[in-house]
Amino acid sequence: QAHYVWDLPSGRMLGITATFSEVARPARTVHSETRDDDAAQGSVLCTQLLIPVERGTLLTSEFWYGDARTRDAMLASPMGARMEENFARLDALLTA
């Protein structure tokens with residue numbers, strides 16, 4: 001189990017608890033995720049794959065929500081843009 005906390009641009013903190021059900025090193029993890037604020041209305045099933053590519057490693061993430069309404073609300077939130085910003089910052093650090 002792991003607990004992650006982000007400082008959001010709004011000044012608010014977001015915490016997520018992840019319970020891992022599968023860790024297949026070095027390429028795959030599966031876990032359920034519960035947000036401290038319960039914005040996802042329950043746990044979310046997450047699968048992450050690390051795939052070797054010519055210039056490095058491709059990370060793919062799948063998120064399975066309990067229903068379409070919750071999924072659509074999460075897609076409409078700033079979550080995707082924030083993830084993209086964070087991965088761009090990580091990429092800049094790793095390629096510097």
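User: What does contact mean here, and which residues does E33 touch, not counting residues up to four places away in sequence?
Analyst: Contact means heavy atoms within 4.5 Å. The model is a predicted one, and E33 is found in its strand 3. With residues up to four places away in sequence left out, E33 touches I16, T17, A18, G42, S43, V44, C46 and F63.

User: Which side chain of opposite charge is nearest to E33, and how far away is it?
Analyst: E33 is buried yet has no salt bridge. A salt bridge needs a side-chain nitrogen of Lys or Arg within 4 Å of a carboxyl oxygen of Asp or Glu. The nearest side chain of opposite charge to E33 is R35, and the distance is 7.2 Å.

User: Which side chain does a polar contact of 3.0 Å join to that of E33?
Analyst: E33 has no salt bridge. Its side chain does take part in a polar contact, with a length of 3.0 Å. The partner is the side chain of H31.

User: In what order do the elements of the protein chain run from the N terminus on?
Analyst: The secondary structure of the protein chain comes to 2 helices and 5 strands. Read from the N terminus, the strands are followed by the helices. The order is β-β-β-β-β-α-α.

User: What share of the residues of the protein chain count as buried?
Analyst: To count as buried, a residue must have under 20% relative accessible area. The protein chain has 96 residues. The share of them that count as buried is 18%.

User: How much of the area that the protein chain exposes do carbon and sulfur atoms supply?
Analyst: The C-alpha trace of the protein chain spans about 40 × 30 × 25 Å along its principal axes. The protein chain exposes about 7,200 Å². Of this area, carbon and sulfur atoms supply 57%.

User: How far apart do the centres of the positive and negative side chains of the protein chain lie?
Analyst: The protein chain has 9 positive and 13 negative side chains. Each set has its own centre, and the two centres lie apart by 1 Å.

User: How many residues apart in sequence are the parts that the salt bridge of R12 with D37 ties together?
Analyst: A search of the whole structure finds 4 salt bridges. In one of them, R12 pairs with D37, the closest N and O atoms being 3.5 Å apart. R12 lies in the loop between strand 1 (2–7) and strand 2 (13–24) and D37 in the loop between strand 3 (28–35) and strand 4 (44–53), so the parts tied together are apart in sequence by 25 residues.

User: Are R12 and D37 buried or partly exposed?
Analyst: Partly exposed covers the range between under 20% and over 50% relative accessible area. R12 has 41% relative accessibility, and D37 has 35%. Both R12 and D37 therefore count as partly exposed.

User: Which residue forms a salt bridge with R28?
Analyst: R28 counts as partly exposed, at 32% relative accessibility. Its salt-bridge partner is also partly exposed, at 29%. The closest N and O atoms of the pair are 2.9 Å apart, and the partner is E22.

User: Which residues are joined into one network by salt bridges that share partners?
Analyst: D72 forms a salt bridge with R71, the closest N and O atoms being 2.9 Å apart. Elsewhere, salt bridges that share partners make one network, and its members are R12, R35 and D37.

User: How far apart in space are R71 and A40, C-alpha to C-alpha?
Analyst: R71 has its place in helix 1 and counts as partly exposed at 38% relative accessibility. In sequence, R71 and A40 are 31 residues apart. In space, their C-alpha to C-alpha distance is 7.8 Å.

User: With which side chain does the side chain of T70 make a polar contact?
Analyst: T70 is found in helix 1 (residues 68–76) and counts as buried at 4% relative accessibility. Not counting residues up to four places away in sequence, T70 touches A39, A40, Q41 and Y65. The polar contact of its side chain, at 3.2 Å, is with the side chain of Q41.

User: Is the peptide bond from R25 to P26 cis or trans?
Analyst: P26 lies in the loop between strand 2 and strand 3. The peptide bond from R25 to P26 has omega near 0 degrees and is cis.

Note on methods
Residues numbered from 1 in each chain as written. Predicted model: local features only at pLDDT ≥ 70, side-chain atom pairs only at ≥ 80, totals over all residues. Heavy atoms only, no water. Helix = DSSP H or I, 4+ residues; strand = E, 2+ residues; numbered from the N terminus. Buried < 20%, exposed > 50% of the residue type's maximum accessible area, 1.4 Å probe, protein only. Polar contact = N/O pair within 3.5 Å; in protein donor to acceptor, adjacent residues only side chain to side chain. Areas by Shrake-Rupley, 256 points an atom, 1.4 Å probe, with all protein chains shown as cover. Lys, Arg positive; Asp, Glu negative; His and termini not counted. Charge placed at Lys NZ, Arg CZ, Asp CG, Glu CD.
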